[in-house]
Amino acid sequence: MTKPTAAVTAVQGYVPERILSNLDLEKMVDTNDEWIVSRTGIKERRIAAKGEALSDFGIKIVEGICKKRGISPLEIDMIIVGSITSDYRFPSAANIICDKTGCKNAWGFDLGAACSGFLYALDVGRVYIENGTHKKIIVIGADVMSSIINYKDRATCIIFGDGGGGVLLEPNQDGLGVLDTILKSDGSGREFLYQAIGGSAEPVTRENAESDGMYVYQEGKTVFKRAVQNMADVAAEIMDRNKLSSDDVAWLVPHQANLRIIDATANRMGLGKEKVMINIEKFGNTTAGTIPLCLWEWESKLKKGDNIVLASFGGGFTWGAIYLKWAYNAN
Ligand SMILES: CC(C)(COP(=O)(O)OP(=O)(O)OC[C@H]1O[C@@H](n2cnc3c(N)ncnc32)[C@H](O)[C@@H]1OP(=O)(O)O)[C@@H](O)C(=O)NCCC(=O)NCCS
């Protein structure tokens, strides 16, 4: 038997109910709807309920996937959670999700790569399917960004939101699934987008607990320039490497950070708007959550055999692209 590919066989998303609109933000910081829409494309974002943690998102995602695919949680071998907002430093959200969903035969871990968290996690899951040791892996990308955002900082609070999604990976013998991945990182970008306090470099103390370092810091202009360049480059690179023309690509699933970054990537790939998944206006930037949230929203339009390019750029810096052949037609 030839080596299997890792096919996506189910997808599930989750966003919390509460909506934080641009008009709400106008009352909180010096900003306005027109500026936010024209600079980012975002109209509103979702915010977790009080006490709702990352694992609560993950539980809904895992339960949804098992139900859709008609499988028992006991069949899941592994859960990988791409996120930078896990419930605790430890144990991992994956650990909690396995317990609370009854995935008693699964092991797993959290993986932090900021906005590229889902792509990194998908690639790790792919390897475990291809090597034949695991048959059913759930890969989640989700973030509760509201837990680390300063709602007095207009440079960041207008951009980020809460939500995410996940996919089930299973072995496929027909050449469907993840066919190529290019993942990159450049740690010299760490000073432009990061959270200073809360890790081992600068643990929380009584003295710093109320400082701005507790929240996400972003130098938007530098991040923007690098994102436009790198996300477009890596998307073009994966097309070249797989000899994909713009006609061959059915869908681009870009990380939703800024509509202008998405447009630049689509232009570079020669794709019209009709082939680009965009829901940034509703959900903002959910960090590791954006790409699986798009797949979930577009699932009914995806056809078996569609060539799909996933592309991301985020804090670190981390970025990458994945070429995926879709494996099923939704009912
Ligand atoms: C954050 C971002 C939207 C800011 O857009 P920008 O065009 O770079 O805006 P600037 O920071 O240059 O600010 C332009 C002007 O708007 C003002 N401004 C900044 N934030 C504002 C806000 N929220 N509301 C209103 N005005 C704002 C600035 O003060 C500045 O005013 P000035 O020209 O009078 O000095 C943009 O840089 C961006 O999207 N960066 C990348 C974000 C990203 O992708 N992050 C995640 C990576 S995964």
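## Thr318 and helix α7

The side chain of Thr318 makes a polar contact (N or O atoms within 3.5 Å, one able to donate a hydrogen and the other to accept it; neighbours in sequence count only if both atoms are side-chain atoms) with the backbone oxygen of Gly315, at 3.2 Å. This is a predicted model, where local features need pLDDT of at least 70 and side-chain atom pairs pLDDT 80 or more, while totals for chains, interfaces and linings use all residues. Residues are numbered from 1 along each chain as its sequence is written, and side-chain values rest on heavy atoms, leaving out hydrogens and water.

Thr318 sits in strand β13, residues 318–325 (a DSSP E run of at least two residues; helices are H or I runs of at least four, and both are numbered from the N terminus). Its relative accessibility is 8%, so Thr318 counts as buried (under 20%; exposed is over 50%, partly exposed in between, with a 1.4 Å probe and protein chains only). Leaving aside residues up to four places away in sequence, Thr318 touches (heavy atoms within 4.5 Å) Ala113, Ser116 and Tyr120, then Lys184 and Ser185, plus Ser312 and Phe313.

Helix α7 runs over residues 220–241, and its 22 residues should span 32 Å (1.5 Å times one less than the number of residues). The C-alpha atoms at the ends of α7 are 31 Å apart, which agrees. Buried along α7 are Thr222, Val223, Ala227, Asn230, Met231, Ala232, Val234, Ala235, Ala236, Ile238 and Met239. After α7 comes Lys243, with a positive phi near 50 degrees.
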